[in-house]
Amino acid sequence: MSIKGYLIELAEKKKNSITTDFETISLEAIGKASELWKEFEGEEIKATIGAVDGSLNKKEFLGFVVFAVAASSVFFNESGKNEERESYNIDIDVLKPSEYSDSRIRLFMGILEIKELLKLYKEENPDIMLIDGSIVGDIIRPVSFTFQIEDEEREYVENCLFPELKETFSLNSINSKVFHEKIIKDVKPEKYPVIAGYLEYLEYLLSIEKLLNVAEDRIVAISKRSSSKIYNFNSIMPDIFIFQMADVPSGYSNPVEVEISPEKKYRFPEIFEDSFRKRKINVFFAKFTTDVYKIETNLQPEKVMGALKGTIVRNYPYPLKLAHDSVKIDNHTMEKIISVLSIHFRTGREGVD
């Protein structure tokens, strides 16, 4: 019998013992969720809306990684989508060595997403700027380079490289990559990926800082999944699960102001400590038709719900869905990129694939 057969056989044996345990959610938690919820009965609000999403893909070879990253933005005026506007931020390159490549490629995608939002703000000045995911999570998410880099190396990046990066900062490229050759010349080979990654992290934070400085009052970050527990439901399950189980109507929860405290993020690079530590944002959960989402914004919930009311398709804001669909880099596209680049090298998986 194959491994598939054994697994299906085990599933049959355990189907009565493995459960999602919906019944363990207390009536008290469900009741509290309902008390925290406000049904939305407002009218649609006319607003211009922009949305940005990003994508990445990669192929790993022995010792290096070929990657593609992209961000796309769409814009809807009060009459609908601006069909004449097409805007992408894209990059294709090779990471050598492959060490820390997952974190670095995700940073590259994040940099392009934030810069695409900055472009959108500059070119279209939308009332609402939608982004998929958590802006607080983007700021506080730990990056391995901050733990691996030594003090002397940190000073080298912050004092010798980052000032020049700030001067050359642009919205159409990943500026930190320009410094890769200089880093290779200046540091020991084994130190290169950590130092290059740390500079890329600083560019990522700089991009977020610039965005928040000009558009903090327009950003609406929407998370389809969340592990947040900000309402003290006294449950092992996250808030988004509790609200979903409470079967609340279309509406939103009472907003909670969240600040980036030392408990959430122990330490930022010193050059960003003051900028991010003072940031505050409101967090609430919202339901348009069937599913509950987490929303981070400094806009009032009524304005968010009213502005997005006319854009909801299959329970999700259509501008964000359109941005997502337009930017996705699938495996077929990645293989075509590899072919065009004429990269032929061993992956190390030839014996099993």
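Two residues are in contact when heavy atoms of theirs lie within 4.5 Å. Keep that cut-off in mind for the close-up views below, which come from a predicted model.

**View 1. Glu116 and its surroundings in helix 3.**
Start with Glu116, a residue of helix 3, which covers residues 101–124. Buried or exposed: which word fits Glu116? Its relative accessibility is 0%, and buried means under 20%, so Glu116 counts as buried. Look around the side chain and you can pick out the contacts of Glu116 beyond four places in sequence: Val52, Ala71, Ser72, Ser73, Ser87, Tyr88 and Asn89.

**View 2. The whole protein, before we zoom in again.**
Step back for a moment and take in the full chain. The protein contains 13 helices and 13 strands. With a radius of gyration of 23 Å, close to the 20 Å that the globule rule gives for 353 residues, the protein is as compact as a globular protein of that length. Along the principal axes, the C-alpha atoms fill a box of roughly 60 × 60 × 45 Å. Buried residues make up 51% of the 353. If you follow contacts between residues at least 6 apart in sequence, 76% of them join residues at least 24 apart. The accessible surface comes to about 18,900 Å², and carbon and sulfur atoms account for 49% of that surface. As for charge, there are 47 positive and 59 negative side chains, and the centres of these two sets lie 3 Å apart.

**View 3. The largest nonpolar core, around Val157 and Ile183.**
Which residues have the most contacts inside the largest nonpolar core? They are Val157 and Ile183, in a core of 61 residues. Helix 8, residues 192–215, gives this core its largest share, with 15 residues. A second core, separate from this one, has 39 residues, including Ala33, Tyr231, Phe241 and Ile242. Now focus on Ile183: setting aside neighbours within four places in sequence, Ile183 touches Tyr156, Leu161, Tyr192, Ile195, Ala196 and Leu199.

**View 4. Tyr156 in helix 6.**
Tyr156 belongs to helix 6, which spans residues 151–168. Its relative accessible area is 16%, so Tyr156 is buried. Beyond four places in sequence, the contacts of Tyr156 are Leu161, Lys182, Ile183, Asp186, Val187 and Ile195. For a sense of scale, try finding Thr311 as well: Tyr156 and Thr311 are 155 residues apart in sequence, and their C-alpha atoms are 48 Å apart in space.

**View 5. Ile139 beside Leu205.**
Here you see Ile139, part of helix 4, residues 135–140. Ile139 has a relative accessible area of 3% and is therefore buried. How many residues apart along the chain are Ile139 and Leu205? The answer is 66, while their C-alpha atoms are separated by 7.2 Å.

**View 6. Pro319 and a partner from far along the chain, Ala51.**
Pro319 sits in helix 12, residues 318–327. At 1% relative accessibility, Pro319 counts as buried. Along the chain, Pro319 and Ala51 are 268 residues apart, but 5.7 Å separates their C-alpha atoms. Ala51 is also one of the contacts of Pro319 beyond four places in sequence, together with Ile49, Val74, Phe76, Leu130 and Thr311.

**View 7. The cis peptide bond between Lys96 and Pro97.**
Most peptide bonds are trans, and most residues other than glycine have a negative phi. This view and the next show exceptions to those habits. Lys96 and Pro97 are joined by a cis peptide bond, with omega at about -5°. To find the spot, look in the loop between strand 5 (87–95) and helix 3, where Pro97 is found.

**View 8. Asn234 and Asn315, two residues with positive phi.**
Where is Asn234? Look in the loop between strand 7 (219–223) and helix 9 (239–245). Phi of Asn234 is near 55°, and with 78% relative accessibility this residue counts as exposed. Asn315 has a phi near 70°, and lies in the loop between strand 12 (312–313) and strand 13 (316–317). Unlike exposed Asn234, Asn315 is buried, with a relative accessible area of 3%.

Conventions. Residues numbered from 1 in each chain as written. Predicted model: local features only at pLDDT ≥ 70, side-chain atom pairs only at ≥ 80, totals over all residues. Heavy atoms only, no water. Core = buried A, V, L, I, M, F, W, Y, C linked by side-chain atoms within 4.5 Å. Buried < 20%, exposed > 50% of the residue type's maximum accessible area, 1.4 Å probe, protein only. Helix = DSSP H or I, 4+ residues; strand = E, 2+ residues; numbered from the N terminus. Rg over C-alpha atoms; globule rule 2.2 N^0.38 Å. Areas by Shrake-Rupley, 256 points an atom, 1.4 Å probe, with all protein chains shown as cover. Lys, Arg positive; Asp, Glu negative; His and termini not counted. Charge placed at Lys NZ, Arg CZ, Asp CG, Glu CD.
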